[in-house]
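Here are my notes from going through the model you sent over. I've kept them as numbered points so you can follow along on screen.

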Amino acid sequence: MCGIVGYAGHRQAVGVVLEGLGRLEYRGYDSAGVAVVDRGQLKSRKRAGKLLNLVEALERGGPLAGRVGVGHTRWATHGAPTDPNAHPHVDCTGQLAVVHNGIIENFATLRAEALASGHELSSETDTEVVAHLLESEMAAMAGVDGPARPGALAEAMRRVCRRLQGAFTLVAVDGRDPGAVVGARRNSPLVIGRGQGENFLASDVAAFIAYTPHALELGQDQVAEVRADQVRVTDFDGSPAQVREYLVDWDISAAEKAGYQYFMSKEIAEQPRAIADTLLGRVGPGGKLVLDEMRLPEDELREVDKIIIAACGTAYHAGMIAKYAIEHWCRIPCEVELASEFRYRDPILTRTTLVIAISQSGETMDTLMAVRHARDQKSRVLAICNVNGSSIPRESDAVLYTRAGPEVAVASTKAFLTQLVGCYLVALYLAQLQGTKFGDEVGSVIDQLMRMPAAVDRVLDSMDQVRELARELAGERCVLFLGRHVGYPVALEGALKLKELAYMQAEGFAAGELKHGPIALVEAGLPVVVVVPSPEGRAVLHDKIVSNIQEVRARGARVIVVAEEGDTRVRPYADTLIEVPQVPTLLQPLVTAVPLQVFACALASAKGLDVDQPRNLAKSVTVE
Ligand code: F6R
């Protein structure tokens, strides 16, 4: 949800900033802009549409020289994606530029105030008012101290931030304080990259990983003043602040396409390795799960008597699957909740409720708010997250990182499978701790999990048939997805992928629910994808889904079956049969989700759509 880059160093800022924006474009692609400071003069350019439009404008208008700069790639909230609404926004003097991610909730009052005191505003955004507030603070300080001094922009930022409500990351540059780029954050991400003779600010480390792996976590309500040779961090009140420094453990190649047509195809292909990495070193002596950060005593986990999983979108589907595993292995009641609904329904939370927050980005505002609500109610929170040091794990009591590596495509794939692995591990850990499973039983599931990278590899080896099918169905208007048990959330996930990538009506249903209404959608030729449970598991489940297949076939549907190898009983009813390896029932989503990911990716590609950056979406949703 908006990508931000700031740079101060020895290179030309515009090149570094554009490169960083290219890596952050997954966060939003409604418009892009840059501003640089050169010998005390601010210069900026911005364009509606993708980053390419800005690059072309810069090529036409001549280079912007300067070694300090900011850039922004936008996911529109306030105001349409037009040139005037694009960031950076400048003040009345044209000396100061600011970029923003988030929403400033009291912007209407501040805007009215700015207009009343003579400022001229030219956009519909909430961001522009910040440029004018900063201008007023710079002017007020100049009135007292004479011309701006080094540090003036950071002080102006602190003063302005104290007046803002809502969620924001702000980064500004000013010709009157020429060596500095200043950033601030509240409820929205911002990381500092520490290089040699150069420093960076960015929404995500991907923006500067080509230059340095050294990162600093900017905390809540902090301001960073970044110069080529110095980083100063304070709270909004000006007191020096502590920041955690860490080393990013992946390099630039992980954030590049490496010969694949799309990031999404690369990330689908990376799934076996991502699962293996998530499992690596997780099981310590005595079968104990090794969490990355643990601020939660085992005694308290033994007392957990209810689990609530809060998540959004694909992560919510992972949570739905986790419920089956948790209730089966741990015998602890488990609810799965859309994070955006969680706190508004006044959920019953106690000290013995464990809330599991699942999030790839760790920045999803709905999930972050659910975490805060749970902790306010004194429940414990365990995060299952992919991005190291992001807000959700930082605010949780315990963390299991999924180690999928950077996920750049907007549609989540490897994050989903590794979230599942994370959930299975947590469930097994609780089962062992609470004594609902013996150590050897846990060990045997872990052994089966260890075989999953190879199983996913085999699925990936046989995807030509799925790609062919996707090309064939590219002209369809609607596709239904059906499943039972853990296959039901997989059906929902298959439908979500197709909706978001191919802009088709795609609906997922519990197969047993079909006859209660949705079967009216079935007409001759309608493609219906059915995720079939293993015949080796609960036979009754398999029988029931075969009946559901017959119900849709009787109404003329074209049935595409995803079933286990050797499932001869379903074969006669499949117009197309996609086979996946035999694995234990609860682990089956790890193999059945993969053909549905490939299907959506190939179908969107066949329609000529932008697979990695589907319309209206952004990767990290930092507004509620
Ligand atoms: C769909 C997708 C989204 C995310 C959702 C939560 O492909 O990617 O539905 O799963 O926005 O995001 P995170 O996991 O970052 O909290």
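1. Before anything else: this is a predicted model, so please read the distances and angles below as computed from it. Start with V36, which stands opposite K43 in β3. That pair belongs to the antiparallel match of β2 (residues 31–38) with β3, which is joined by eight bridges.

2. Now zoom out to the sheet around that pair. It is an open sheet of eight strands with antiparallel pairing, and the order reads β3-β2-β4-β1-β10-β9-β11-β14. Which strands stand at the edges? They are β3 (41–48) and β14 (244–247); each has a single partner strand, so one side of each has no neighbour in the sheet. On average, neighbouring strands here are turned by 15° against each other, direction ignored.

3. Two helices lie across strands of this sheet. Helix α1 (residues 13–24) lies across β1 (3–8), β2, β4 (68–74) and β10 (199–202), and runs at about 155° to β1. Helix α2 (residues 51–61) lies across β2 and β3, at about 130° to β3. If you colour the helices separately, you can see β2 listed under α1 and again under α2.

4. For a residue-level look at the same region, try V68, which sits in strand β4. Is V68 buried or exposed? With a relative accessible area of 8%, V68 is buried. Its contacts, not counting residues up to four places away in sequence, include Y7, A8 and A13, then A35, V36 and V37, and also V173, P178 and G179. V68 and V37 are 31 residues apart in sequence, yet their C-alpha atoms are 5.5 Å apart in space.

5. Next, the strands around β6 (residues 96–104). How many of the nine residues of β6 are buried? Eight of them are, so to speak, under cover, and the strand is mostly covered. On one hand β6 pairs antiparallel with β5 (residues 89–90) through two bridges, where H89 has V98 as its bridge partner. On the other, β6 runs antiparallel to β7 (residues 166–174) with nine bridges, and V99 is partnered with V171. The hairpin of β5 and β6 has five residues between the strands, and there G94 takes a positive phi near 70°.

6. The ligand site deserves a slow look. 15 residues surround the ligand, and the closest are S359, Q360, S361, T364 and E500. Three polar approaches to ligand oxygen atoms are worth displaying: a polar backbone atom of Q360 at 2.6 Å, a polar side-chain atom of K497 at 2.9 Å, and a backbone N or O atom of T314 at 3.1 Å. The protein covers 89% of the 410 Å² of accessible area that the ligand has on its own.

7. S361 is one of those closest residues, and it has a good deal going on around its side chain. S361 lies in the loop between β18 (353–359) and α11 (365–376), and at 8% relative accessible area it is buried. What does the side chain of S361 reach at 3.2 Å? The backbone nitrogen of E363. The S361 side chain also makes a polar contact with the side chain of T364, at 3.3 Å. Leaving aside neighbours within four places in sequence, S361 is in contact with C385, V387, S390 and S620.

8. Moving into helix α11, have a look at D366. It counts as buried, at 13% relative accessibility; the cut-off for buried is under 20%. Beyond four places in sequence, D366 is in contact with C312, A339, S340, V623 and E624. D366 and E341 are 25 residues apart in sequence, with 8.3 Å between their C-alpha atoms.

9. Last one: β24 (residues 558–564) and β25 (residues 576–580). These two pair in the parallel sense over five bridges, and I560 has T576 as its bridge partner in β25. In a regular strand the side chains alternate between the two faces of the sheet. Along β25, T576, I578 and V580 point to one face and are buried, while L577 and E579 point to the other and are not.

How values were computed
Residues numbered from 1 in each chain as written. Predicted model: local features only at pLDDT ≥ 70, side-chain atom pairs only at ≥ 80, totals over all residues. Heavy atoms only, no water. Pairing = 2+ DSSP bridges. Helix = DSSP H or I, 4+ residues; strand = E, 2+ residues; numbered from the N terminus. Axes fitted to C-alpha atoms, helices over the stretch in contact; angles between N-to-C directions. Contact = heavy atoms within 4.5 Å. Buried < 20%, exposed > 50% of the residue type's maximum accessible area, 1.4 Å probe, protein only. Polar contact = N/O pair within 3.5 Å; in protein donor to acceptor, adjacent residues only side chain to side chain. Near = heavy atom within 4 Å. Areas by Shrake-Rupley, 256 points an atom, 1.4 Å probe, with all protein chains shown as cover.
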